[in-house]
Amino acid sequence: MNLYIYYRVTDTAAARPVIQQLMQDIVDRAGLKGRLLSKCDDMATWMEIYEGIDNRHAFIQLMAELEAKRRVHTFLLPGSQRHQEWFDTF
């Protein structure tokens with residue numbers, strides 16, 4: 001399965017090292033290297049992509065733990081959230 005997480009940040013310079021550390025935590029804990037993208041016409045809209053997830057439930061728990069640890073919510077645009085979309089191959 002593949003996970004796509006998109007969200008808007010308030011301060012890209014402050015948020016980037018925090019998100020990069022979260023992504024490194026995922027590499028260390030789950031062995032999955034994600035990608036971080038920004039929207040072409042809106043640099044404050046970001047997307048994380050994680051591909052090849054074997055255990056969706058465990059990954060959701062890990063992501064929630066790491067988001068809290070890194071206080072990711074403090075970098076989100078007020079009133080917004082990190083939207084998760086899951087996709088799988090046919």
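**Figure 1. Order of helices and strands in the predicted model.** Helices (at least four residues) and strands (at least two residues) are runs assigned by DSSP and numbered from the N terminus. The structure shown is a predicted model. Read along the sequence, these elements follow the pattern β-α-β-β-α-β. The protein thus contains two helices and four strands.

**Figure 2. Overall dimensions of the protein.** The C-alpha atoms fill a box of roughly 35 × 30 × 20 Å, taken along the principal axes. The radius of gyration of the protein is 13 Å, which agrees with the value near 12 Å for a compact globule of 90 residues.

**Figure 3. Contacts and burial.** Among the contacts in the protein with a separation of 6 or more, 76% are accounted for by residues 24 or more positions apart. Of the 90 residues of the protein, 36% count as buried.

**Figure 4. Surface and charges.** The protein exposes about 5700 Å², and carbon and sulfur atoms supply 52% of this area. The protein carries 11 positive and 12 negative charges, and the mean positions of these two groups are 4 Å apart.

**Figure 5. Close-up of Gln21.** Gln21 is found in helix α1, which comprises residues 12-30. Is Gln21 buried, exposed or partly exposed? The relative accessible area of Gln21 is 32%. Because this value lies between the limit of under 20% for buried residues and that of over 50% for exposed residues, Gln21 is partly exposed.

**Figure 6. Gln21 and Glu65.** Gln21 and Glu65 are 44 residues apart along the chain. In the model, the C-alpha atoms of Gln21 and Glu65 are separated by 13 Å.

Definitions and conventions. Residues are numbered from 1 along each chain as its sequence is written. This is a predicted model: local features need pLDDT of at least 70, side-chain atom pairs count only at pLDDT 80 or more; totals for chains, interfaces and linings use all residues. Side-chain values use heavy atoms; hydrogens and water are left out. The radius of gyration is taken over C-alpha atoms; the globule rule is 2.2 Å times the number of residues to the power 0.38. Buried means under 20% relative accessible area, exposed over 50%, partly exposed in between (1.4 Å probe, protein chains only). Contact means heavy atoms within 4.5 Å. Accessible areas come from the Shrake-Rupley method with a 1.4 Å probe; for residues, only the protein chains shown count as cover. Lys and Arg count as positive and Asp and Glu as negative; His and the chain ends are not counted. The place of a charge is taken as NZ of Lys, CZ of Arg, CG of Asp or CD of Glu.
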